[in-house]
Amino acid sequence: MSESVLFVDQRNTCLSAVAEFAFRKATGFRVPVSSAGISPADGYLEWRVRELLRDEGFGFELFLSFRSKKVSRQLLDAYDIVIAFNNSDLARLRGKFPSHAHKIFLATEYAGEAGEIPDPCGEPAGSEGRCKESFERLLALSNKIRGRL
């Protein structure tokens, strides 16, 4: 049986959502996966994320129905592995949910790499290349994470 994965960042409109979709792609949509935010924004994916996902071949209906959600104890209970992207979010999650700390990991460390993954969203126009780079890195990490399941 495959383990389930929850990706968490601050707003759940960019990096965690991109990771969710990258992981779906890497696993052929066969592993339960979702995303959430520590302090989620209102609802929808950022425009450059929608464009990136469209360019990566995801159907419009998949990300059109996406709504950001807040990480909660119940949500953490439902997933086997919880992935954060930077040390700040990792510390917040482990501090707020100490009983779940054993299953909360930094994405790069879980994939056997070093460093953090910066969130390129919320940056000014013209930074679309960084969003694409993050997607490509998340896709590569997703393959490594999938290999550990």
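**View 1. Serine 16 and its polar partner in the predicted model.** In this predicted model, the side chains of serine 16 and asparagine 12 are joined by a polar contact of 2.9 Å. Serine 16 belongs to helix α1, and with a relative accessible area of 0% this residue is buried, since a residue counts as buried under 20%. When neighbours within four places in sequence are left aside, the residues in contact with serine 16 are Phe7, Val8, Asp9, Ser35, Ala36 and Phe85.

**View 2. Strands β1 and β2 and the crossover between them.** Strand β1, residues 5-9, and strand β2 run parallel and are joined by 5 bridges, and within this pairing aspartate 9 stands opposite glycine 37 of β2. To pass from β1 to β2 the chain goes through helix α1, residues 15-26, in a β-α-β crossover that is right-handed. Strand β2 itself covers residues 33-37 and is mostly covered, with 5 of its 5 residues buried. Val33, Ser35 and Gly37 point one way from β2, while Ser34 and Ala36 point the other way, and the residues of both groups are buried.

**View 3. The largest nonpolar core.** This core has 29 residues, and those with the most contacts inside it are Phe7, Ile83, Phe85 and Leu138. At least two residues of the core are supplied by each of β1, α1, α2, β3 (81-84), α6 (107-110) and α7 (128-148), and the largest share, 7 residues, comes from α1. Around isoleucine 83, not counting residues up to four places away in sequence, the residues touched are Val5, Leu6, Phe7, Val8, Phe105, Ala107, Tyr110 and Ile145. Apart from the largest core lies another one, of 15 residues, which includes Leu76, Tyr79, Val82 and Leu93.

**View 4. Aromatic pairs.** The count of aromatic pairs in the model comes to 4. In one of them, the rings of phenylalanine 7 and phenylalanine 23 have their centres 5.7 Å apart and their planes at 65 degrees, so this pair is edge-to-face, the cut-off for that class being over 60 degrees. The pair links distant parts of the chain, because phenylalanine 7 lies in strand β1 and phenylalanine 23 in helix α1, with their positions 16 residues apart in sequence. Both phenylalanine 7 and phenylalanine 23 are buried, and together with Phe85 they form one aromatic cluster. Phenylalanine 105 and tyrosine 110 form an aromatic pair that is tilted, with 4.8 Å from centre to centre and 55 degrees between the planes. Phenylalanine 105 counts as partly exposed at 26% relative accessibility, whereas tyrosine 110 counts as buried at 6%.

**View 5. Glutamate 56 in its loop.** Glutamate 56 is placed in the loop between α2 (47-55) and α3 (60-64). With a relative accessible area of 17%, glutamate 56 is buried, the cut-off being under 20%. Leaving aside neighbours within four places in sequence, glutamate 56 is in contact with Lys25, Lys132 and Phe135. Of these contacts, phenylalanine 135 is 79 residues from glutamate 56 in sequence, and the two are 9.4 Å apart in space, taken from C-alpha to C-alpha.

Definitions and conventions: Residues numbered from 1 in each chain as written. Predicted model: local features only at pLDDT ≥ 70, side-chain atom pairs only at ≥ 80, totals over all residues. Heavy atoms only, no water. Buried < 20%, exposed > 50% of the residue type's maximum accessible area, 1.4 Å probe, protein only. Helix = DSSP H or I, 4+ residues; strand = E, 2+ residues; numbered from the N terminus. Pairing = 2+ DSSP bridges. Right-handed = clockwise from strand over helix to strand, strands pointing away. Polar contact = N/O pair within 3.5 Å; in protein donor to acceptor, adjacent residues only side chain to side chain. Contact = heavy atoms within 4.5 Å. Core = buried A, V, L, I, M, F, W, Y, C linked by side-chain atoms within 4.5 Å. Phe/Tyr/Trp six-rings, centres within 6.5 Å; stacked < 30°, edge-to-face > 60°.
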